[in-house]
Every structure is written in C-alpha cells, then in structure tokens.
Amino acid sequence: RSNLRPPQHINPLTNMTTQQRTDYFSITDPIQKEQARMLFGKMQTKILYSEKYFDEEFEYRHVILPKEYSRYVPRHALMDENQWRQLGVQQSVGWVHYMIHKPEPHILMFRRQIPK
C-alpha cells in the first residue's frame with residue numbers, strides 16, 4: 001500500500017487545488033482572498049444581467065457570473081446584498097438573492113417586491 005497521494009489539479013486562475021474548494025466568504029487565507037478579489041475585478045465586465053420578468057408580486061432577474069466564479073458562490077446559503085456586491089454584482093437597491101440554482105451555481109436568482 002502506497003502513502004502517495006494522487007496528483008491534484010491546480011486551477012491556473014485561482015492557484016488552488018480542487019481539494020481546497022470553499023466559497024469566497026469562507027476563505028481565511030488573506031492571499032487566497034486577495035487572489036479571488038483580483039479575479040472578480042478582472043471578470044466583472046463579463047457578468048451578464050437578464051431582462052426583468054414579472055408576476056403579480058415580484059419582479060425577477062437572473063445574473064450570470066463567469067463560470068470561474070462558481071467555486072466562490074455559496075452553495076448552501078443565500079447571499080445578502082453585501083455579499084453579492086462583493087462578488088461584483090451591480091444592481092439597484094432592493095434586489096434579494098432568493099434561490100440557489102444548484103445545477104449552475106454561477107447563475108444567481110434575484111427578485112424584488114413590486115411596489116403597490
């Protein structure tokens with residue numbers, strides 16, 4: 001029986017191995033945190049915003065982050081406004097991250113109450 005570990009894939013964008021995956025808000029290493037911030041700055045212009053769509057109570061939109069962001073998006077918790085703004089999402093006040101799109105975590109689902 002060998003004590004050798006299997007080789008780990010290193011992501012060239014993040015300099016992190018596949019076993020080091022954690023969302024952005026859980027990173028404690030200041031160097032890794034800064035590398036993520038630099039990635040967000042470089043990729044911010046690639047964030048796509050859908051047109052708004054509506055029902056009787058809410059207006060909705062989805063935001064498509066570059067796939068490189070996937071590893072930084074929390075998979076088990078919704079983000080508050082401060083958190084999604086840290087990822088580079090820019091939209092007016094009142095939008096709420098209301099649903100996690102599990103198959104594609106880089107797609108953020110937002111809604112906002114329609115004023116009555």
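**Exercise 1.** Find which residue in E7 stands opposite Ile64, and how many bridges pair E5 with strand E7.

*Solution.* Start at Ile64: its opposite residue in E7 is Ile107. Next, place the two strands, E5 at residues 58-64 and E7 at residues 107-113. Strands here are DSSP E runs of at least two residues, helices are H or I runs of at least four, and both are numbered from the N terminus. Strands pair if DSSP finds at least two bridges between them. E5 and E7 are antiparallel, with seven bridges.

A word on the model before we go on: it is predicted, so local features need pLDDT of at least 70 and side-chain atom pairs count only at pLDDT 80 or more, while totals for chains, interfaces and linings use all residues. Residues are numbered from 1 along each chain as its sequence is written, and side-chain values use heavy atoms, leaving out hydrogens and water.

**Exercise 2.** Work out which residues of E5 face Tyr49 and Phe54.

*Solution.* First take strand E3 (residues 48-49), antiparallel to E5 over two bridges; Tyr49 lies opposite Val63. Then take strand E4 (residues 53-54), also antiparallel to E5 with two bridges; Phe54 has Glu59 as its bridge partner. Finally, E4 and E5 make a hairpin, with three residues between them.

**Exercise 3.** Is E5 mostly covered or mostly open?

*Solution.* Count the buried residues (under 20% relative accessible area; exposed is over 50%, partly exposed in between; 1.4 Å probe, protein chains only). Five of the seven qualify, making E5 mostly covered.

**Exercise 4.** List what Leu65 contacts (heavy atoms within 4.5 Å), leaving aside neighbours within four places in sequence.

*Solution.* The partners are Ile47, Val73, Leu87, Val89, His106 and Leu108.
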